[in-house]
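Visitor: I'd like a close look at a single part of this model, followed by a short look at what else is worth seeing. Please explain the terms as you go.

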Amino acid sequence: MNFTKPLGQKLGVALLAMSALASCQGSRESVDLLVTNATVYTVDSTFAKAEAFAVKDGKFVAVGTSADLKSRFDAAKEVDAKGQFIYPGFYDAHCHFYRYSLGLSSADLVGTTSWEDVLEKLQAHRQKFPQAAWLLGRGWDQNDWPTKQFPTKEALDRLFPDVPVLIIRVDGHAALVNQKALDLAGVTAATPISGGTIARDAQGRLTGLLVDNATRLVSNKIPEPTPAEAAQLLLQGQQNCLAVGLTSVADAGLDRANIEQMADLQQQGKLHLRLYAMLNPTAANKDYYLKNGPILTDQLAVSSFKVYADGALGSRGACLVEPYADKPKETGFLLSTEKEYRALAKELAASKFQMNTHAIGDSANRIILNIYGEALKGQKDRRWRIEHAQVVTPADMPKFGQFGIVPSVQPTHATSDMYWAGERLGAERAKTAYAYAELLKQYGQLALGSDFPVEDINPLYGFHSAVARQDAKNFPKGGYQMENAISRPDALRGMTTWAAHAGFEEKRKGQIKPGMLADFVLMGTDLLAAPNEQLRNASVLETWVGGKQVFEKK
């Protein structure tokens, strides 16, 4: 029997096969980006790892193996990650991005080792900007100096008699000003102040030191930058954020004008950072936003108010149950009355907004936790937050779980404060300070941030502090209060999906899985396996927002 087919029939079969192949190829889905040959930490519910993912219209559409995704998708752009490590875009759950950015024009006083060092930096900054109306600086910490004493204004008056000077302490809760600034603000020894301190010497003369609410008496006189100047500084600040892998930031304490300025830059395609904005609880902000409701978009979330219960431990403004160990007559203070906090909590409980309260001392934490519990009346998924939760008594710890309160903490505070926190608190009370493992146990999640510019902008510093409880020099050996350390997977969750959860954004941010915004970071370091001493120096190689590369290390 002859099985040979006629030539025309052979050609028909061949054409049919080619048509089927073309049809099969045509069924492959087109995507904007395909990333392959990577070690992808998805940070999903199972903490799964993958090799590849596809992105379309700014979102992840598939996650899996390189071979499978290559067979399924045609990509406008394909990236071979060459075995590098990919994480969801880092999310700083508590920072001051707007203030940090505008502060880039001020003298950097972080890391100064003495008052003389501060003065030298201020003189150099003034020579660089001799026409500036004010001389501003930020970042000094008297705890890093040999004497550990707060400075006074005499040297500022001598060196800068004709220009107002305001230099802010590293925690943002105290400032030193010169006489020129005091005169411009009309501050005298008789000026009344509530929720703060205007320091005086033994003769009743002003020393120039202002603490907490008193700082505003002078800072309110500083002229705002022009819109063009502010935009330039915000974009400069953004580049610094993108360079360390930040794709989302929670900016704690903004007014409507600040938010709208940044939203305008987002709409222009200039500001790629996604912003969760916490509002200052001013009458104007409340009138506008409580009437109009929250804003929840992929780029911008405005759904919370930032409240200050007390000051900082370093300036002894934190409100404690018992006196300071190194100042037995002082307990710190609240910045408003309990009645005012209770009224605000009741007002916000009747709205769709979160209440996010700065509470450092154990008394402040106790008062706010109790007020939250009263106002929420069993509503456990309102995700009201305690920002910092730095010193909490064992008796108050369970309230985070009982009332459904999110602990929003900054791990580098522990390793910055560990040198002197014991002096302020005493050994026993210090054991329940910076207690991240216990807070995680109570609520089940931790939102991790940096509080920059109080601390460094790099989220990997916080990751290292959270898991190793050590400073940049890997001190102390073995870690500081390691019972309060958390695991590496939990630290990564804290700066991605748990940070998103704290702002009701976990359905669109913080994980690499289909449907999520395609924000991711590419690094050469495995954060889950690298030695502790390598974590702080790990470099971000690329940062992507919405499937578009916004930073590449040169």
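Guide: Here is a walk around one strand, followed by a helix and a salt bridge.

The model is a predicted one, so please read it with its thresholds: local features need pLDDT of at least 70, side-chain atom pairs count only at pLDDT 80 or more, and totals for chains, interfaces and linings use all residues. Residues are numbered from 1 along each chain as its sequence is written, and side-chain values use heavy atoms, with hydrogens and water left out.

Let's begin with strand β10, residues 135-140. Strands (E, at least two residues) and helices (H or I, at least four) are DSSP runs, numbered from the N terminus. Five of the six residues of β10 are buried, so the rest of the structure largely encloses this strand. Buried means under 20% relative accessible area, exposed over 50%, and partly exposed in between, using a 1.4 Å probe and protein chains only.

One partner of β10 is strand β9 (residues 107-108), paired with it in the parallel sense over two bridges; two strands count as paired if DSSP finds at least two bridges between them. Asp-108 has Arg-138 in β10 as its bridge partner. To get from β9 to β10, the chain passes through helix α4 (residues 115-128) in a right-handed β-α-β crossover. Right-handed here means that, with the strands pointing away from the viewer, the path from the first strand over the helix to the second runs clockwise.

Strand β11 (residues 165-169) also runs parallel to β10, joined to it by five bridges. Here Gly-137 is matched with Ile-167 of β11. Helix α5 (residues 154-159) carries the chain from β10 to β11, and this β-α-β crossover is right-handed too.

Now for helix α11, where the buried residues are Tyr-341, Leu-344, Ala-345, Leu-348 and Ala-349. Viewed down the helix axis, these fall within an arc of 130 degrees, so they line one face of α11; the arc is taken from the directions from the axis to the C-beta atoms. Exposed Lys-339 and Lys-346 sit on the face turned away from that buried side.

Last comes a salt bridge, meaning a side-chain nitrogen of Lys or Arg within 4 Å of a carboxyl oxygen of Asp or Glu. Arg-28 forms one with Asp-74, their closest N and O atoms being 2.6 Å apart. Arg-28 lies in the loop between α1 and β1 and Asp-74 in strand β6, so the pair ties together parts 46 residues apart in sequence.
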